[in-house]
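The following exercises concern one protein structure. Each task is followed by a solution in steps.

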Amino acid sequence: MTGSGGTRVLSLDSLVRIQRGRLTPDAPRRLPVPDGMTAPMGCDAVAVPARFGPLVLPRLPRVGCVYADEAHWWWLVPSDSDYALEWPAPAHYAAGAVLPGSSAGTDAAGLPGLIHRPDGTLPYTPPIPLYLALCGLTGTTPVWSRPVTA
């Protein structure tokens with residue numbers, strides 16, 4: 001949200017979330033759903049090393065919320081987008097959009113910055129196109145194309 005003069009305005013909900021994060025340092029750090037957006041299917045995230053981020057974007061038909069810091073780019077996906085999928089290394093699947101450990105290059109709240117916000121109210125990148133893009137970049141055969149062994 002932007003106020004007059006182009007200054008960034010935070011909602012009361014955002015300020016409360018930031019303050020709670022400071023009061024509970026052991027609380028898990030989650031990527032937030034931006035104000036004005038809803039996540040009716042829950043929210044998980046897929047991270048890749050930052051060098052892959054710009055290579056993934058043009059391979060996607062729709063891009064949801066993308067967060068980035070110096071080390072990783074994170075895509076919000078619907079919950080359980082890892083069901084029956086083995087996300088290819090070096091991708092990391094984060095249930096609940098919980099960030100592992102601490103990251104360098106994060107903002108004041110200790111979270112990566114939002115670098116892409118889609119139009120509309122849904123924050124999701126479709127998981128199957130994201131999975132296929134990552135498989136293509138990493139040379140991994142999608143799980144459904146692998147030979148079945150008995």
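**Exercise 1. Classify Ala97 by its accessibility, then locate it and describe its backbone.**

Step 1. Ala97 has 1% relative accessibility and therefore counts as buried; buried means under 20% relative accessible area, exposed over 50% and partly exposed in between, with a 1.4 Å probe and protein chains only.
Step 2. Its place is the loop between β4 and β5; helices (H or I, at least four residues) and strands (E, at least two) are DSSP runs numbered from the N terminus.
Step 3. Although Ala97 is not a glycine, its phi is positive, about 55 degrees.

The model is predicted: local features need pLDDT of at least 70, side-chain atom pairs count only at pLDDT 80 or more, and totals for chains, interfaces and linings use all residues. Residues are numbered from 1 along each chain as its sequence is written, and side-chain values use heavy atoms, with hydrogens and water left out.

**Exercise 2. Describe Asp80 and Pro90 in the loop between β3 and β4.**

Step 1. Asp80 is not a glycine, yet it has a positive phi of about 65 degrees.
Step 2. With 57% relative accessibility, Asp80 counts as exposed.
Step 3. For Pro90, the peptide bond that joins it to Ala89 is cis, with omega near 10 degrees.

**Exercise 3. Determine the strand order of the open five-stranded sheet and identify its edges.**

Step 1. The order is β4-β1-β3-β2-β5, and the pairing is antiparallel; two strands pair if DSSP finds at least two bridges between them.
Step 2. β4 (92-94) and β5 (113-116) are the edge strands; each has a single partner strand, so one side of each is left without a neighbour in the sheet.
Step 3. On average, neighbouring strands are turned by 30 degrees against each other, direction ignored; axes are lines fitted to C-alpha atoms, for helices over the stretch in contact, and angles run from 0 to 180 degrees between N-to-C directions.
Step 4. Three bridges join β1 and β4 in the antiparallel sense, and Ala45 has Ala94 of β4 as its bridge partner.

**Exercise 4. Characterise helix α3 and its share in the largest nonpolar core.**

Step 1. α3 comprises twelve residues, 127-138, and spans 16 Å from its first C-alpha to its last, close to the 16 Å expected; the expected span is 1.5 Å times one less than the number of residues.
Step 2. Its buried residues are Pro127, Leu130, Tyr131, Ala133, Leu134 and Cys135.
Step 3. Their cover includes β1 (44-49), α2 (53-56) and β3 (72-77).
Step 4. The largest nonpolar core holds 21 residues, and Val46, Trp75, Trp87, Leu130 and Leu134 have the most contacts inside it; such a core is a set of buried Ala, Val, Leu, Ile, Met, Phe, Trp, Tyr and Cys residues joined through side-chain atoms within 4.5 Å.
Step 5. The largest share of this core, five residues, comes from α3.
Step 6. Gly139 follows α3 and has a positive phi, near 70 degrees.

**Exercise 5. Describe the surroundings of Thr125, between β5 and α3.**

Step 1. Thr125 counts as buried because its relative accessibility is 0%.
Step 2. A polar atom of its side chain lies 2.8 Å from the backbone nitrogen of Gly64.
Step 3. Beyond its neighbours within four places in sequence, the residues in contact with Thr125 include Leu60, Trp75, Val77 and Leu130; contact means heavy atoms within 4.5 Å.

Methods: A polar contact is a pair of N or O atoms within 3.5 Å; within protein, one must be able to donate a hydrogen and the other to accept it, and residues adjacent in sequence count only if both atoms are side-chain atoms.
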